[in-house]
Amino acid sequence: MDNMSYAGKLTLMVPRDSKSYRHLYFTCFLYLYLLILSMNICLVIVIIIEKSLHEPMYIFLSHLCINGVYGASGFYPKFLSDLILDSYVISSHMCALQTFVIYSSLLCEFTILTVMSYDRYVAICKPLDYHSKLTTFNCLKLILFSWIVPNCVTVTAVLLSNLRPFCKNHIDKLYCDNWSIVKLSCESSFVNNIYGYVVGVICCICAVIVIVSYIKLISACKASLENRRKFWQTCLPHILSLINFTFAMMFDFLYNRYVSYDISESLRHFLALELVIVPPVLNPVIYGLNIRAVRKRVFISRLAARENVSRAPKRRKM
């Protein structure tokens, strides 16, 4: 009966000084969420409108931005409602859903970045085969792979962690994650650990593909000035996104496995939130500033808006 009583509602970590600063926290996180939505959606719209960006690389980039919005929406609405209501409680079913959204988004980002590294490898190392290898049909298959495989992997992990009786009801994090749910159970986590290792091996394979692609890219760039130009223009943002993603994963792993209650609460909050704040904010900034067509489109839109504002009073006078 005790186990069943924990299955209904779970409690989440309460932010530090939430009673005094929850309205300030709400304002800051609402701004962050709106910033993530606006930047990622703006980049997707520019890629759709600008015909020169209708290429595989930018199509993959648009899916990276869509995934950023999807992942952020798994955390921010719930956390904002918690701050407003000053109630850090979540049902076990909603906790499972939040875990699925956040971690499927995380794995989708990894697979999309892997696909993008393959795209850059073919574009620079085998430019003559680029259009034959990355046809519309092949791009569609790569996009489906980037979404379907991570979602299937995450569904299995969430089911394995939630179909177990709980002995505890407190998650020491501002949002639900799979390892925190596993630690709530009274039973052995052997199966979850084995599945985690299998997923880790798959991620390592993807990482090897990325590393091999970039080793070949760097060697190809040494022989040609044109290849070096392509590398700095299109591969540098991708490398920065990979570094950004790697640090986010590392912080999340350290938090889940090794963070103790001895370290400061501020550091624990930082380790917990880095995953849901930094990647969805930095990815559109990194790519948006680097892509000339995006910069041009954004600046033209701003100039047009300013001209419309300046002309509005003149029309009224007439």
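Me: What should the 32 residues of α9 span, and how far apart are its end C-alpha atoms?
Reply: The expected span is 1.5 Å times one less than the number of residues, which gives 46 Å for the 32 residues of α9. The end C-alpha atoms of α9 are 46 Å apart, so the two values agree. This is a predicted model, in which local features need pLDDT of at least 70 and side-chain atom pairs count only at pLDDT 80 or more, while totals for chains, interfaces and linings use all residues. Residues are numbered from 1 along each chain as its sequence is written, and side-chain values use heavy atoms, with hydrogens and water left out.

Me: What makes up the protein chain, in helices and strands?
Reply: The protein chain has twelve helices and three strands. Both are DSSP runs numbered from the N terminus: helices are H or I with at least four residues, strands E with at least two.

Me: Which residues of α9 are buried?
Reply: Buried means under 20% relative accessible area, exposed over 50%, and partly exposed in between, with a 1.4 Å probe and protein chains only. In α9 the buried residues are Asn192, Tyr195, Val199, Cys206, Val210, Ser213, Tyr214, Leu217, Ala220 and Cys221. Across the 318 residues of the protein chain, 44% count as buried.

Me: Why is α7 called roughly antiparallel to α9?
Reply: The axes of α7 (residues 136-162) and α9 (residues 190-221) cross at roughly 165 degrees and come within 10 Å. That angle makes α7 roughly antiparallel to α9, since the label needs over 145 degrees (under 35 is roughly parallel, 65 to 115 roughly perpendicular, the rest oblique). Axes here are lines fitted to C-alpha atoms, for helices over the stretch in contact, with angles from 0 to 180 degrees between N-to-C directions. The crossing of α7 and α9 is left-handed; that is, the near helix is turned anticlockwise from the far one by less than a right angle, while clockwise would be right-handed.

Me: Which residues of α7 and α9 meet?
Reply: Contact means heavy atoms within 4.5 Å. Cys152, Val153, Thr156, Ala157, Leu160 and Ser161 of α7 meet Val191, Asn192, Tyr195 and Val199 of α9. By class, these are seven nonpolar, three polar and no charged residues. Nonpolar covers Ala, Val, Leu, Ile, Met, Phe, Trp, Tyr, Cys and Pro, charged covers Asp, Glu, Lys and Arg, and the others, Gly among them, are polar.

Me: How do the axes of α5 and α7 lie?
Reply: The axes of α5 (residues 92-125) and α7 come within 8 Å and cross at roughly 145 degrees. Their crossing is right-handed. The residues in contact include Ala96 and Tyr103 of α5, and Val158 and Asn162 of α7. They divide into 15 nonpolar, eight polar and no charged.

Me: Why is alanine 96 counted as it is, buried or exposed?
Reply: Alanine 96 has 14% relative accessibility, so it counts as buried. Alanine 96 lies in α5 and touches Val158 and Asn162, residues up to four places away in sequence not being counted. Between alanine 96 and valine 158 there are 6.4 Å, C-alpha to C-alpha, at 62 residues apart in sequence. Tyrosine 103, another residue of α5, also counts as buried, at 14% relative accessibility.

Me: How do you know how α2 and α4 run relative to each other?
Reply: The axes of α2 and α4 come within 9 Å and cross at roughly 160 degrees. The two helices are therefore roughly antiparallel. Their crossing is left-handed. The contact has 14 nonpolar, no polar and one charged residues.

Me: What makes leucine 30 partly exposed?
Reply: The relative accessible area of leucine 30 is 29%, so the residue counts as partly exposed. Leucine 30 lies in α2 (residues 18-49). Tyrosine 76 is 46 residues from leucine 30 in sequence and 7.6 Å from it in space, C-alpha to C-alpha.

Me: Why is α3 said to be largely enclosed by the rest of the structure?
Reply: Of the 17 residues of α3, 13 are buried, so the helix is largely enclosed. Helix α3 (residues 56-72) reaches 24 Å from its first C-alpha to its last, close to the expected 24 Å.

Me: What is notable about phi of aspartate 86?
Reply: Phi of aspartate 86 is near 55 degrees, a positive value in a residue other than glycine. Most residues other than glycine have a negative phi. Aspartate 86 lies in the loop between α4 (76-85) and β2 (89-91). At 22% relative accessibility, aspartate 86 counts as partly exposed.
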